[in-house]
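Here are a few exercises to help you find your way around. Try each task yourself before you read the solution.

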Amino acid sequence: MNNIHTSNAATEKKAADSTIVGAENYELPIVCDIDILRTLIRKKAARVVDVRKEEEYKQGHIPTAVSMPLAQVLSKDSEGIVDILESIGVSDKLPVIVYDDTFGALAARVAWTFQYVGHTNTSLLEVTFSRWKDSGLEIENQINTYPKTTHYLNINQEIHADVSYVENTRGNTNMILVDSRERLNFLTEHIPGAKNIPYTMLGSNGNILRKPDEIKRFIENRGLSSESEFITYCGSVGTLSGLAYYALKLVGIKNVKLYAKSFREWKSLGKPKEEFTDANYWDLSAE
Amino acid sequence: MKHTATHGSEYRNISPSKPNQRWGREEETEIFAQNVRRFRQAKLSEDDFRRFRLQHGAYGSRLQLNYSMVRIKVPSGEINPEQLEKIASLSESFSIGSAHVSTRQNIQLHWVQLEDVSEVMRGLVEVGLTTREACGNTVRNVMCSHYAGVCPNEAFDATPYSKAIARFFIRNPMCQNLPRKFKINFACCEDHGLVRIADIGLTPVIKDERRGFRIYLGGGLGAASFIGHSLEDFTPEERVLPTCMAAIRLFDRHGNRENMARNRMRYLVHEMGWEKFQKMVLKERSIVEMTTAVSTAKLFDVKDNDGPNLPAETMSSHSLTKLPVLNDHITPEGSKYERWVHTNVVPQKQAGYFTVFVTLEAGDITANQLRILAGAIRELSTEGAARNTPQQNFAIRYIKGEDLREFYERLMSIGLGSPGALTITSAVGCSGTTSCNLAITNSHRLAKEVQRKFIELGFDADEDLRDSTIKISGCPNSCGQHEIATIGFFGGASRIGNAMAPTYTMLFGGSAGEQGNLGKAIMRVPARRVIDTIKEIIKTYKNEKHDGQTLNQWINRIMNGEGTGDIRNIEDMKRLLLGVTQLPSIENEPELYKDYGNDVKFTAKTARGECAA
């Protein structure tokens, strides 16, 4: 099995170091590799956010990380999110790196939320916590707190889609609706016109996302143009589709939105669905 | 070379995997991706694309041509741990998170989006696997008995021949456009293997110290099935390739290319008459032998040893190692481990080694299960490979007696510790309405239901039932091999008034092996009554059996009109079962009008089959 993206870690590290030197607010890439994160931690120049459950955080986490479980983020409105950022000592430009232990889906949802309220300098760690730990990298147990900061609220509607926005994609060939759920869920029912890119396609070998050229090929194989607007959704609160959001960003697609309330809301509002009932595909699963 | 790795606290040897045989080719994946795009842009016609797609192992899914069933060829059923792990990750990424073992030693990934098929192929090539010519009018996966090499009764290991034949015909220009698909099966001995139900079946034999085969031609299961004919008493090994080439050439020249429903070689043999066809094959073989270039003949390369050094055979059939915990009577209430050993493990001709069967349900296995199984093979099988079986299970060979419990515990940890792999409970079921265009009923689910119920009833522990088999197809086309089962079923529909019910035609008395027979259709049974019907048959058998007669023997006696109890012949049997098999009106029994897996009313929906495309 491959280790963590070794692509050209050495060169990237050099690049990271030289950019960071003297620059307080290093501009993060979409996915942050381990070397950049370790450099930033060493220089105390970033906030690391652990979105697992608090008990898991207490048993060991990446050095300097604060605990901010997904559930807590989901329970807040936009102002509440800004309060969170302030409470963990994030100023307007500070690099924020988010990680989880759920193949990146929870981290993606939190990172997207931070970016939505205006903290653009947010990134996903390229690996899960388990992967970090299994690679023998540093872990600590202490509970970290940081002095309160102030942070602006600057809602970024460009990355958000609500139900009426999704309804308007119908018939518009330049707007592509991506369903990130697994194949059998998609076959059962989905929003009419959606394309299925299961989240299971996106990661590999412990990396939360594959190499960009692979993801790019998946998009091209589907005949989808990267000039189009993409809107991702999944089953409930936008975690799986959050990961898909970042996968699409990673391959350079400019216009990507997350339908954060996803299929759960769509169904509860009684919106139309496409269903496929002519085959008993669930009986093929050995689960 | 042996490495060591830790498992828990103890150190274990890791056996090297069988080498990757490189069946796949990377350029084919790119061509596939290109052709999907051309097809989507309407630059490639639907018919041309379908032919191309099938040639590359992607079969259209049930009423949804945007999805494919990707059929991975596993020549001789032999597959190494890295290949199993790759299939696990491909099934998670692009399929449904489970893989499916077919009845012809393929492994299938279902509901793969057409646009992702090339990605699956790409992954397969990395570990040497291919989907090339897994469907379409080609030489399909070449099968070999999963006991070959370890069977106490075999003349020699047929596996190298089976692989050499597969290697010779894959991508061979002579079989890129046959009238119809072509199937070749190797056995290990008289009993194990499907030699009579293939276009070409071969059983290894030694005559006057020379290696050779008994070859059968023109067999096959389908809407109309035939048992293969014996070509000659003995075909020496050097004539194996010319014989196969001769049969394929004749089929290519004379096969019916007009009527897709009757164009397998067995129809040609049937219409022409066996004697005539036999003469033509022998003549054609002489021509092949005279005209085949030496360089071509050399492409048939039988490599006797392509894997790790395995223990030499030391046992004759008379002195097999006893199973470690073999009690004469296993009870369902007794130790689970003993029950499993009794029904899933057989001794090999190599002293101290055993073949372990992994019980799957209708051939389905999850990605996680595949990974753990791969690890167990690496650490506990000296062979470094698994074989998949036409009973839709895995056979893991070369397990030492002292490792059986460890192997069992690993299977238990992933929910694969069910007993019964070698007994009546291991029901076969094709994919049916879960993914196939031709299916009428959900045979796949029914096979699972039968297996669960019969294990619960302890039928696996019953010696009387051990040599009986149950096989279920979702339509008459026999992918579930219902015609070689003791009790077989194929799906259909019955109408009463305006209501349609899923039903199965039940067959009795089929068997595999060199003395194989086709089962005969007895009567129709509502899908929801299949389990009760089998139970009723077993109950009656228990009352009537004598002299240690097994269920299989009892059924065969009745088929011959030689029953000695109240049930003497088929007519008696039908009368007995009428009560349970009768289909009442929908008002009286609405449940009988729904198939397994469906809450809604049954409809018999099918679409064009692609076997014949």
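**Exercise 1.** Work out how strands β15 and β18 of chain B pair, then place them in their sheet.

*Solution.* Keep in mind that this is a predicted model.
- Step 1: find β15 at residues 353-358 of chain B and β18 at residues 394-400 of chain B. They pair in the antiparallel sense, over five bridges.
- Step 2: pick one bridge. Val356(B) has Ile396(B), in β18(B), as its bridge partner.
- Step 3: zoom out to the sheet. It's an open one of five strands in chain B, ordered β5-β17-β18-β15-β14, with antiparallel pairing.
- Step 4: look at the edges. β5 (78-79) and β14 (345-347) of chain B sit there, each pairing on one side only.

**Exercise 2.** Decide how compact chain B is for its length.

*Solution.*
- Step 1: take stock of the secondary structure, which in chain B comes to 16 helices and 23 strands.
- Step 2: compare sizes. The radius of gyration of chain B is 24 Å, close to the 25 Å that the globule rule gives for 613 residues, so chain B is as compact as a globular protein of that length.
- Step 3: add some detail. Along the principal axes, the C-alpha atoms of chain B fill a box of roughly 65 × 60 × 50 Å. Of the 613 residues in chain B, 56% are buried.

**Exercise 3.** Split chain B into domains and describe where domain 2 touches domain 4.

*Solution.*
- Step 1: mark the bounds: domain 1 (26-126), domain 2 (143-297), domain 3 (321-413) and domain 4 (428-593).
- Step 2: check the spacing. The C-alpha centres of domains 2 and 4 of chain B are 31 Å apart.
- Step 3: look at the contact, which takes 15 residues from domain 2 of chain B and 11 residues from domain 4 of chain B. The domain 2 side has seven nonpolar, five polar and three charged residues.

**Exercise 4.** Describe what chain A brings to its contact with chain B.

*Solution.*
- Step 1: get the totals, which are 22 residues from chain A and 36 residues from chain B.
- Step 2: see which helices help. In chain A, α9 (183-188) and α10 (212-221) each supply at least two residues of that side, and α9(A) gives the most, with three residues.
- Step 3: sort the chain A side by class: 10 nonpolar, six polar and six charged residues.

**Exercise 5.** Find the residues with the most contacts inside the largest nonpolar core.

*Solution.*
- Step 1: this core has 247 residues, and the ones you want are Val98(A) and Val110(A).
- Step 2: check the neighbours of Val98(A). Leaving out residues up to four places away in sequence, they include Val49(A), Val51(A), Val110(A) and Leu124(A).

Note on methods. Residues are numbered from 1 along each chain as its sequence is written. Chains are lettered from A and ligands numbered from 1 in the order in which they are written. This is a predicted model: local features need pLDDT of at least 70, side-chain atom pairs count only at pLDDT 80 or more; totals for chains, interfaces and linings use all residues. Two residues are in contact if their C-beta atoms, placed from the backbone, lie within 7 Å. Helices (H or I, at least four residues) and strands (E, at least two) are DSSP runs, numbered from the N terminus. Ala, Val, Leu, Ile, Met, Phe, Trp, Tyr, Cys and Pro count as nonpolar, Asp, Glu, Lys and Arg as charged, and the others, Gly among them, as polar. Domain bounds come from an automatic or database domain assignment. A nonpolar core is a set of buried Ala, Val, Leu, Ile, Met, Phe, Trp, Tyr and Cys residues joined through C-beta atoms within 7 Å. A residue is buried if 20 or more other C-beta atoms lie within 10 Å of its own, exposed if 12 or fewer, and partly exposed in between; C-beta atoms are placed from the backbone. Two strands pair if DSSP finds at least two bridges between them. The radius of gyration is taken over C-alpha atoms; the globule rule is 2.2 Å times the number of residues to the power 0.38.
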